[in-house]
Amino acid sequence: METATTTMASERRQVPLLPPDSRVGIIAGSGSLPVNVAQSLALAGHHPFIVIIEGEADRLSDLQAHQHVVLPLEAAAVAFDRMRKEGVTHAVLAGGIRRRPQLRKLRPTLRLITALPKVAWELTLGDDGLLRAVMRHIESTGIKLVGAQEIVPDLLAREGVMTRAAPEKADRRDIDAALQAALAIGRLDIGQAAIAVGGRVVALEGVEGTDGLLERMVALRSHGRLAGKGGGVLAKCTKPGQDLRADLPGIGVQTIRDAKRAGLRGIAVEANRAFVLDYADTIAAADDYGLFVVGVDVHA
């Protein structure tokens, strides 16, 4: 199977230009996105500085190949000061964070101390509220926040079918139902994904994330109302009104494996607003399993 690094080097569409004297800091959570962003920057001649969130980031050897520091989630404010010392001018939030910082363990800076009452309140908000607070704090340090899609536009889902397999008429009904459900829970800041089988929504993403949603779907296959029914579609899209600089939905090789295990026929993602991580490997895995991956214009 072709490696992601080889694909990125040979098939990369042009990376948007950063100012020549700029340096990008990556706040790295879980998944492949931080690695993909770092590789893209390196190939473009930039040298990223990576803040690896302890206990969250995956693929550590790939991340540690670049200049980096490992810090607990509660030291994020310290990380911003460290990035400024390293000459970072732009920052990218990349990857998932499975837990929230514990207020009693925060390592405050003077800037954070002055904002502590507000931070304490924002820690009680939903994911979107907390992300907005983090983004505001980053930019208050003078670092410009950019979306990962500005660095790796080649990993955004393309509109239309990306695999050999394509959705059939019944699958289109599942896609429509699952996307409408994903938008509904997105408005409530609950999640970004849903599963539909037979034109009916059967499972919604919660705090467990997409991996947990698909694991739950495996168990649901034995439920009396689903027993004997095959097929189904996982759909993922951005939350209505979401700041696109952080937390874009994404799928990867593991998502494909989990979707196959859950008995689904395919995956629909929002075109140009969702990542297909390690693109070549993910599409190849879907082809191997006979699943479809399709990019849909959610706002059409």
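# Salt bridges, cores and a buried glutamate

Trainee: Is Arg265 buried, partly exposed or exposed?
Mentor: This is a predicted model, so keep that in mind throughout. The relative accessible area of Arg265 is 32%. Buried needs under 20%, and exposed needs over 50%. Arg265 therefore counts as partly exposed.

Trainee: Which side chain does Arg265 meet in a salt bridge?
Mentor: The N to O distance of the pair is 3.9 Å. A salt bridge must be within 4 Å. The partner is exposed, with a relative accessible area of 53%. The partner of Arg265 is Glu168.

Trainee: How many residues apart in sequence are the parts that Arg265 and Glu168 tie together?
Mentor: Arg265 lies in the loop between α11 (253–261) and β11 (266–270). Glu168 lies in the loop between β6 and α9. The pair ties these parts together, and their separation in sequence is 97 residues.

Trainee: Asp287 and Arg164 also meet in a salt bridge. Which of the two is buried, and which is exposed?
Mentor: Their N to O distance is 3.8 Å. They are 123 residues apart, with Asp287 in helix α12 (residues 279–289) and Arg164 in the loop between β6 (160–161) and α9 (169–187). Asp287 has a relative accessible area of 17%, and Arg164 has 65%. So the buried one is Asp287 and the exposed one is Arg164.

Trainee: Which residue is linked with Arg82 and Glu86 in a network of salt bridges?
Mentor: Start with the pair: the side chains of Arg82 and Glu86 meet at 3.2 Å, N to O. Arg82 is partly exposed at 32%, and Glu86 is partly exposed at 22%. The network holds one further residue, Arg23.

Trainee: How many salt bridges does the whole structure have?
Mentor: We have met several, including Arg82 with Glu86 and Asp287 with Arg164. A search of the whole structure gives a total of 14.

Trainee: What is the nearest side chain of opposite charge to Glu205?
Mentor: Glu205 sits in the loop between β8 (200–204) and α10 (209–220). Glu205 is buried yet has no salt bridge. The cut-off is 4 Å. The nearest oppositely charged side chain is 4.5 Å away, and its name is Lys236.

Trainee: Which backbone nitrogen does the side chain of Glu205 reach?
Mentor: Look at the contacts of Glu205 beyond four places in sequence; among them are Ile190, Gly191, Gln192 and Ala193. The side chain of Glu205 comes to 2.6 Å from one backbone nitrogen, that of Gln192.

Trainee: How many residues does the largest nonpolar core have?
Mentor: Nonpolar side chains tend to be buried together in soluble globular proteins. Here, Ile195 and Phe275 have the most contacts inside the largest core. The size of that core is 51 residues.

Trainee: Which helix gives the most to this core?
Mentor: The contribution comes to 5 residues. They belong to residues 33–43, which form helix α2.

Trainee: How many residues are in the second, separate core?
Mentor: Its members include Val51, Ile53, Met83 and Leu145. The count for this core is 19.

Trainee: What share of the residues in the protein is buried?
Mentor: The protein has 12 helices and 13 strands. Its accessible surface is about 13700 Å². Of its 300 residues, the buried share is 52%.

Notes: Residues are numbered from 1 along each chain as its sequence is written. This is a predicted model: local features need pLDDT of at least 70, side-chain atom pairs count only at pLDDT 80 or more; totals for chains, interfaces and linings use all residues. Side-chain values use heavy atoms; hydrogens and water are left out. Helices (H or I, at least four residues) and strands (E, at least two) are DSSP runs, numbered from the N terminus. Buried means under 20% relative accessible area, exposed over 50%, partly exposed in between (1.4 Å probe, protein chains only). Lys and Arg count as positive and Asp and Glu as negative; His and the chain ends are not counted. A polar contact is a pair of N or O atoms within 3.5 Å; within protein, one must be able to donate a hydrogen and the other to accept it, and residues adjacent in sequence count only if both atoms are side-chain atoms. Contact means heavy atoms within 4.5 Å. A nonpolar core is a set of buried Ala, Val, Leu, Ile, Met, Phe, Trp, Tyr and Cys residues joined through side-chain atoms within 4.5 Å. Accessible areas come from the Shrake-Rupley method with a 1.4 Å probe; for residues, only the protein chains shown count as cover.
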